[in-house]
Amino acid sequence: MGNTIHTIPLGFDNAYIVKDKGAVMIDGGDPKKGKAFLKGLVKAEIKPEEIQLIILTHGHWDHIGSAAEIKELTGAKVVMHQNEKHWLQESLKPMPPGVSTWGKISTKLFSWTIVPFVHIRPTDVDIVLEDDEFSLEQYGISGNIIYTPGHSSGSVSVLLESGEAFVGDLAMNKFPLRLSPGLPIYAEDWPKVLDSWQMLLNRGAEMIYPSPGRAFSAEIIAAALAKEARE
Ligand SMILES: [Zn+2]
């Protein structure tokens, strides 16, 4: 039996549920999205208590906003990298620096207009990741959580053995961030973004599931990396 992937929009970003012998969730969306989460579960025909892990790809507010609520609804454990766990535990809302011109403008724009009104419900992180990879085998999923810094220093991705990669904001495919799928417009460390991507491609990532927007082929990222190397 193979895995099934379910997309659940939780505000601006998608969360994903991967179900095989067990079920795990990737990312926790905007704040106050408990209802949208439950609606998505009904559509996916998954019971809340089936979900064993809530894996947060990183600590930006639009990825952790409903983690506390979803943890209550499911009883799942929250998993996060050590570098950003305090963002969820202390309701912090740092904004990433822009890379592209629009990235630089929009990060300021959002931090003035949207972010002041956001409140993240804090919760404890149950499983704290270091830089080593974390196998999902014991949760019934053939894949790993891999440390993929660059967009932020605590960014991780879930790479399934079947080639699907859930990368948080390491890729973007949604207006008004980007008009087409590709690399992020915000990053703390651009060379690390490129290194993390090279590693994911080397390890067999074929289909990319960004938090913002729809899935796309890894060939688009391979082409973007080749272009970066020429510039
Ligand atoms: Zn982010």
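Six strands make up an open sheet in this predicted model. Their order across the sheet is S1-S2-S3-S4-S5-S6, with mixed pairing. At the edges sit strand S1 (4–10) and strand S6 (127–129), each of which pairs on one side only. On average, and ignoring direction, neighbouring strands of this sheet are turned by 20° against each other.

Let's look inside the sheet. Strand S3 (residues 23–26) and strand S4 (residues 51–55) run parallel and are joined by four bridges. Along S4, isoleucine 51 stands opposite alanine 23.

Now for the helices that meet the sheet. Helix H1 packs on the sheet and touches S1 and strand S2 (13–19), while helix H3 lies across S4 and strand S5 (77–81). Their ranges and directions are set side by side here:

| Helix | Strands it meets | Angle |
|---|---|---|
| H1 (residues 34–44) | S1 and S2 | about 155° with S1 |
| H3 (residues 67–74) | S4 and S5 | about 170° to S4 |

H3 deserves a second look. Which of its residues are buried? They are Ala67, Ala68, Glu69, Ile70 and Thr74. So much for the names; what covers these buried residues of H3? The cover includes the strands S4 and S5, along with H1, helix H2 (61–64) and helix H4 (85–89). S4 and S5 are also the strands that H3 lies across.

If you follow the backbone onward, glycine 75 comes just after H3 and takes a positive phi of about 75°.

Key
Residues numbered from 1 in each chain as written. Predicted model: local features only at pLDDT ≥ 70, side-chain atom pairs only at ≥ 80, totals over all residues. Pairing = 2+ DSSP bridges. Helix = DSSP H or I, 4+ residues; strand = E, 2+ residues; numbered from the N terminus. Axes fitted to C-alpha atoms, helices over the stretch in contact; angles between N-to-C directions. Contact = placed C-beta atoms within 7 Å. Buried ≥ 20, exposed ≤ 12 C-beta atoms within 10 Å, placed from the backbone.
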